[in-house]
Every structure is written in structure tokens, then in C-alpha cells.
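Happy to walk through this one with you. Have a look at the fold first, and then we can reason about it step by step.

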Amino acid sequence: MEATGGPEELVSGELVSVAHALSLPAESYGNDPDIEMAWAMRAMQHAEIYYKLISSVDPQFLKLTKVDDQIYSEFRENFKNLRIDILDPEELKSESAKEKWRPFCLKFDGIVEDFNYGTLLRLNCSQGYTEENTIFAPRIQFFAIEIARNREGYNKAVYTGIKEKEEKEASNGGDKGANSRGEEEKGANREGEKEKTNEREEKEKEACKEISKSSETTM
């Protein structure tokens, strides 16, 4: 996975490493609960890194594989009307859907490394990887849908949402700082006025004393 910025390249490299750690497709693990749990945890790490990537970089500039153009072209040729912003699980998992997806996926055997690894895929692209919003999918299916979401602008909702949240938090912090400075200034003004009042009172007392002395001398 590639991006156009320096820090993002590190993240993309980490994503590839995590994906590579999934050494076998999920169905190869059988029913061993320990192995299934380890596989699921690695898939979750992959998902977290990918979500971090599309949250920090404008997704339209991301390149997930060396053959993004081919994947996208084949995907839209075969699934022209598939809605990808909010996926219907039946469009991926039903028997009729599997029959349609199978030849597409097999086209990338030997082209996309580990094309059939188990990967987590979000149903609603504007939301994160929650239990309700996540299904398992072959890696090539993940790439096809996420490349399309990036190119067609659907994943930008994640990026802009994070940026708006950060800007709002920064703005609130600035307002608090301004309010704090304002309170400090008000406090300083009150102290200054108090000092002036005390000074006037002292002068008035001194003046009264001087008047008293003058009166006594005259008397």
C-alpha cells in the first residue's frame, strides 16, 4: 500500500507487513479456536492500520497495490451497479454473489499476493470497524471495494470527519485559552482598580490629617 507522503509510507508499509502475517486463508485454519483467534486478531490489526491511514491521508491519493488500475477496472466492469458506500452482505455472501465474485477473485491469483487472505471489510464506509459494521472478506475483495471507495470519494467522509473533529477540538481549546486570558485580564483590572481606590483613600486620609493639623495650629 502506497501513499504520497513520507509518514504515510511508514503506515502503508506496516499495513503490508500485517497483511503478510496472515499466512493462510481463514478457511485453512479449520476449527482450532486458538488459531482462529490469532488470525482474527491479526486481521483486526490490519483493519486498524488501514482505518488510521484513511483517517490521516486524503484517500483519493492512496495506492493500495501495484495493480490498482486493473483491480478497479475489472471490479467496475463486473460489478457496475454494486453500491459500495453501504454494502449489502447478501451482495457478497449469498450463493449467487459468491458465484459472481469467484471468477473475479481468481483473476488475481498470482497477480495480487495472498489474494484470498481473510480480511475485515466495513459495511458502511463512513463508519469504523465495529462488530456490527464488519464482515470477513477475501483480500482481493477488500482491495476492490476499498480502491473503488477511495477513487469514487466515499472514504473521504472518514478523512473529513476526523479533520473536522480535530479542528473543532483545537478551536474549543483556543476559546478556553482566550476566555482564561480574558478572566485574567478582568482580574488584573479589578486589582488595579482596587489599588487605585486604596491609593485615593490613603491620600484622602492624609489630606484629612493635614487639614486637622492646620486647624489645630490656627486654633
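Here are some questions and answers about this predicted model.

Q: Which pattern does the protein follow, read along the sequence?
A: Let's begin with the elements themselves. The protein has seven helices and two strands. Put in sequence order, they give α-α-α-α-α-β-β-α-α.

Q: What share of the contacts with a separation of 6 or more comes from residues 24 or more positions apart?
A: One pair gives a feel for such long-range links: V57, in the loop between α2 and α3, sits 6.9 Å from Y159, C-alpha to C-alpha, with their positions 102 residues apart in sequence. Across the protein, residues 24 or more positions apart make up a share of 69%.

Q: Is V57 buried or exposed?
A: V57 belongs to a loop, the one between α2 and α3. Its relative accessible area is 8%, and the cut-off for burial is under 20%, so V57 is buried.

Q: Which element gives the most to the largest nonpolar core?
A: This core has 36 residues, and those with the most contacts inside it include W101, F104 and L121. At least two residues each come from α2 (33-56), α3 (68-78), α5 (95-106), β1 (118-122), β2 (134-138) and α6 (139-151). With seven residues, the top contributor is α6.

Q: How many of the 13 residues of α6 are buried?
A: The buried ones include nonpolar residues such as I140, F142 and I145, and also R139, Q141 and E146. The helix is mostly covered, and the count of buried residues is twelve.

Q: How far apart are the end C-alpha atoms of α6?
A: We can work out what to expect from the 13 residues of α6. At 1.5 Å a residue they should span 18 Å, and the model agrees, because the end C-alpha atoms are separated by 18 Å.

Q: Which residue just after α6 takes a positive phi?
A: Here we look at the backbone past the end of the helix. The phi angle there is about 85°, and the residue is G153.

Q: Which residues of α6 does F104 touch, leaving out those up to four places away in sequence?
A: F104 is among the residues with the most contacts inside the largest core. Its partners include I71, E74, F75, N78 and F79. The helix α6 covers 139-151, and the partners in that range are I140 and A144.

Q: How many disulfides does the structure hold?
A: Two cysteines are worth a look: C105 is buried at 11% relative accessible area, and C125 is buried at 3%. A disulfide needs cysteine sulfur atoms within 2.5 Å. The number of disulfides in the structure is zero.

How values were computed
Residues numbered from 1 in each chain as written. Predicted model: local features only at pLDDT ≥ 70, side-chain atom pairs only at ≥ 80, totals over all residues. Heavy atoms only, no water. Buried < 20%, exposed > 50% of the residue type's maximum accessible area, 1.4 Å probe, protein only. Core = buried A, V, L, I, M, F, W, Y, C linked by side-chain atoms within 4.5 Å. Helix = DSSP H or I, 4+ residues; strand = E, 2+ residues; numbered from the N terminus. Contact = heavy atoms within 4.5 Å. Expected span 1.5 Å × (residues − 1).
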